[in-house]
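Visitor: I would like to learn how to read a protein fold piece by piece. Could you walk me through one?

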Amino acid sequence: MKLSRILVPIDFSDCSKTALRFSLDFVEPTTAIDVFHVIWEPPYYVAGHTLTLALPYEGHLGLIDFAKRRAEEEMTVFLKWLPDNRRSVVQKRYAVGEPAE
């Protein structure tokens, strides 16, 4: 069976890295791979868009914006081990919500 796209949910753990490695072995080199990370959505009483964090040299960021930025930074580090020819088929995807337990 030839796949054109595969979804790999990640949480930056070693298990996630193993799943991504397995997906690379499982599909053709040109198959698109979506790595997907869910950014924790604060409970309604925490007001994730209005609560701000003061960061040195960056000003103020809302809690959700801060979490998105951290996820993007962690994703970059997480994907560094990928070979160059595979990096081009990986798409980074994020969603704000409640990660599965």
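**Reading the fold**

Guide: Gladly! Going from the N terminus, the elements of the protein follow the order β-α-β-β-β-α-α-β. That comes to three helices and five strands. Please keep in mind that this is a predicted model.

Visitor: What share of the 101 residues counts as buried?

Guide: Of the 101 residues, 32% count as buried. The accessible surface of the protein is about 7,000 Å², and 56% of it belongs to carbon and sulfur atoms.

Visitor: Among contacts between residues at least 6 apart in sequence, what percentage join residues at least 24 apart?

Guide: In this protein, 64% of those contacts do.

**Strands and their faces**

Visitor: Let's take a strand. How do I read its two faces?

Guide: In a regular strand the side chains alternate between the two faces of the sheet. Now try strand β1, residues 5–9. Its covered face holds I6 and V8, while R5, L7 and P9 are on the uncovered one.

Visitor: In which sense do β1 and β2 pair?

Guide: They pair in the parallel sense, over five bridges, with β2 spanning residues 32–40. To find one spot by eye, start at P9: its bridge partner in β2 is F36.

Visitor: What unit do β1, α1 and β2 make?

Guide: Together β1, helix α1 (residues 14–26) and β2 make a right-handed β-α-β unit.

Visitor: Is S16 buried or exposed?

Guide: S16, which is found in helix α1, has a relative accessibility of 7%, so S16 counts as buried. Leaving aside neighbours within four places in sequence, S16 is in contact with P9, I10, D11 and F78.

**The nonpolar core**

Visitor: How many residues does the largest nonpolar core have?

Guide: The largest nonpolar core has 14 residues, and those with the most contacts inside it are I10, L20, I33, V35 and L79. At least two residues of this core come from each of β1, α1, β2 and α2 (63–78).

Visitor: Let me zoom in on L79. Which residues is L79 in contact with, leaving aside its neighbours within four places in sequence?

Guide: L79 is in contact with L20, V35, R87, V90 and K92. L20 and V35 also appear among the core residues with the most contacts inside it.

**Charged residues**

Visitor: Now the charged side chains. What is the general idea?

Guide: Side chains of opposite charge can pair when their charged atoms come close. A search of the whole structure finds five salt bridges here.

Visitor: How far apart are the closest N and O atoms of D34 and R93?

Guide: They are 3.6 Å apart, and D34 forms a salt bridge with R93. D34 lies in strand β2 and R93 in strand β5 (residues 90–97), so this pair ties together parts that are 59 residues apart in sequence. The two partners are worth reading separately: D34 is buried at 8% relative accessible area, whereas R93 counts as partly exposed at 34%. There is also a network of salt bridges that links R5, D34 and R93.

Visitor: Which residue forms a salt bridge with R70?

Guide: That partner is E73, with the closest N and O atoms 2.9 Å apart. Both residues lie in helix α2, three residues apart, about one turn of the helix. R70 is partly exposed with a relative accessible area of 36%, and E73 is partly exposed with 39%.

Visitor: And what separates D84 and R87 in helix α3?

Guide: D84 and R87 are three residues apart in helix α3, so about one helical turn separates them. They form a salt bridge whose closest N and O atoms are 3.3 Å apart. D84 is exposed, with a relative accessible area of 61%, while R87 counts as partly exposed at 38%.

**An arginine to finish**

Visitor: One more from helix α3: is R86 buried or exposed?

Guide: R86 lies in helix α3, residues 84–87. The cut-off for buried is under 20% relative accessible area. R86 has 10% relative accessibility, so R86 counts as buried.

Visitor: Which residues is R86 in contact with, leaving aside its neighbours within four places in sequence?

Guide: Those residues are L24, V27, E28, P29 and I33. You can also compare R86 with T30: the two are 56 residues apart along the chain, yet their C-alpha atoms are separated by 8.0 Å.

Methods
Residues numbered from 1 in each chain as written. Predicted model: local features only at pLDDT ≥ 70, side-chain atom pairs only at ≥ 80, totals over all residues. Heavy atoms only, no water. Helix = DSSP H or I, 4+ residues; strand = E, 2+ residues; numbered from the N terminus. Buried < 20%, exposed > 50% of the residue type's maximum accessible area, 1.4 Å probe, protein only. Contact = heavy atoms within 4.5 Å. Areas by Shrake-Rupley, 256 points an atom, 1.4 Å probe, with all protein chains shown as cover. Pairing = 2+ DSSP bridges. Right-handed = clockwise from strand over helix to strand, strands pointing away. Core = buried A, V, L, I, M, F, W, Y, C linked by side-chain atoms within 4.5 Å. Salt bridge = Lys/Arg side-chain N within 4 Å of Asp/Glu carboxyl O.
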